[in-house]
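Trainee: I am new to this structure and would like to go through it slowly, one question at a time. Could we begin once it is in front of us?

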Amino acid sequence: MDAAADNDHHISHIKGKQMPTLLVYTSRHGCAEKCANKISDLMDADIQVVNIKESSKFKLSDFDTIILGGSIHAGQVQKKVKKYCHEHLNELKSKRLGLFLCCMEEGEKAEQQFNNAFPDELIQHAAAKGLFGGEFDFEKMNFIERAITRKVAKIEKSISKIDEAAIEKFVIDLRS
Ligand SMILES: Cc1cc2nc3c(=O)[nH]c(=O)nc-3n(C[C@H](O)[C@H](O)[C@H](O)COP(=O)(O)O)c2cc1C
């Protein structure tokens with residue numbers, strides 16, 4: 001093994017020891033997935049990013065840090081996120097925890113949606129909480145979703161309002 005490869009091996013070994021992280025997400029049109037991947041890029045850690053459908057393949061006991069994320073549709077986070085929180089409540093409370101949401105509402109409305117998406121106990125416990133903004137992607141919406149978006153949000157074209165600074169702050173909060 002040459003010196004550089006040895007060094008890489010050494011660093012990844014240390015990273016792995018420091019902070020094995022599991023990021024469990026769900027995403028309807030891909031925005032929360034993009035944010036999950038962005039977190040993964042920014043984290044100086046050994047991180048596994050998994051769709052919530054695959055999450056049962058991973059044991060929480062193998063990780064120090066858990067990140068859980070989803071998105072809001074019609075005021076609610078995905079049911080799978082709520083279910084995951086309730087099924088793993090005690091274990092999640094024993095971890096370093098990050099919670100994030102994608103949504104297009106801002107300010108107080110976004111905060112309300114966040115507070116309603118995750119159990120209070122987990123919100124109190126979380127080291128990092130993130131509202132990352134969102135996207136309206138007309139190409140990925142079905143007919144009904146397009147109609148709702150036009151009528152309720154009064155938006156006609158795809159837009160992206162991902163808050164990169166909020167993602168960076170989330171990663172800093174989680175690591176400090
Ligand atoms: C049909 C529909 C309903 C939505 N309802 C809400 C809502 O009630 N509140 C909100 O803040 N954002 C709402 N959004 C915006 C989504 O949260 C946004 O598109 C987000 O980026 C979706 O993330 P995802 O692609 O990971 O599922 C809605 C979007 C769609 C398409």
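**Strands, core and ligand shell**

Mentor: In this predicted model, strands E5 and E6 pair in the parallel sense, with 4 bridges between them. Within that pairing, Phe 100 stands opposite Gly 130 in E6.

Trainee: How many bridges join E3 to E5?

Mentor: E3 and E5 run parallel to each other, and Thr 65 is the residue that stands opposite Arg 96 in E5. The number of bridges that join E3 to E5 is 7.

Trainee: Is E5 largely enclosed or open, and how many of its residues are buried?

Mentor: A residue counts as buried if 20 or more other C-beta atoms lie within 10 Å of its own. E5 is largely enclosed by the rest of the structure, because the residues that meet this cut-off number 6 of the 7.

Trainee: Which residues have the most contacts inside the largest nonpolar core?

Mentor: In soluble globular proteins, nonpolar side chains tend to be buried together. Here the largest nonpolar core has 40 residues, and the elements that each supply at least two of them include strand E1 (21-25), helix H5 (107-117) and helix H8 (164-175). Those with the most contacts inside this core are Leu 23, Cys 35, Ile 39 and Leu 101.

Trainee: With which residues is Ile 39 in contact, leaving aside its neighbours within four places in sequence?

Mentor: Ile 39 is one of the core residues with the most contacts, and its sequence neighbours within four places are set aside for this list. The residues that remain in contact with Ile 39 are Leu 23, Ile 67, Ile 167, Phe 170 and Val 171.

Trainee: Which residues come nearest to the ligand?

Mentor: The shell around the ligand is made up of 10 nonpolar, 9 polar and 4 charged residues, and helix H2 (31-42), strand E3 (65-73), strand E7 (133-136) and helix H7 (143-153) are the elements that give two or more residues to it. Of the 23 residues around the ligand, those that come nearest are Ser 27, Cys 31, Ser 71, Cys 103 and Gly 134.

Trainee: How many of the residues of H7 are buried?

Mentor: H7 gives two or more residues to the shell around the ligand, yet H7 is hardly covered. Among its 11 residues, the count of buried ones is 0.

Trainee: Over which residues is the pLDDT below 50?

Mentor: The protein averages a pLDDT of 91, and 89% of the residues score at least 70. Where pLDDT is low, the predicted coordinates should not be read in detail. The stretch with pLDDT below 50 is residues 1-17.

Notes: Residues numbered from 1 in each chain as written. Predicted model: local features only at pLDDT ≥ 70, side-chain atom pairs only at ≥ 80, totals over all residues. Near = placed C-beta within 6 Å. Nonpolar A, V, L, I, M, F, W, Y, C, P; charged D, E, K, R; others polar. Buried ≥ 20, exposed ≤ 12 C-beta atoms within 10 Å, placed from the backbone. Core = buried A, V, L, I, M, F, W, Y, C linked by C-beta atoms within 7 Å. Contact = placed C-beta atoms within 7 Å. Pairing = 2+ DSSP bridges. pLDDT = per-residue confidence, 0-100.
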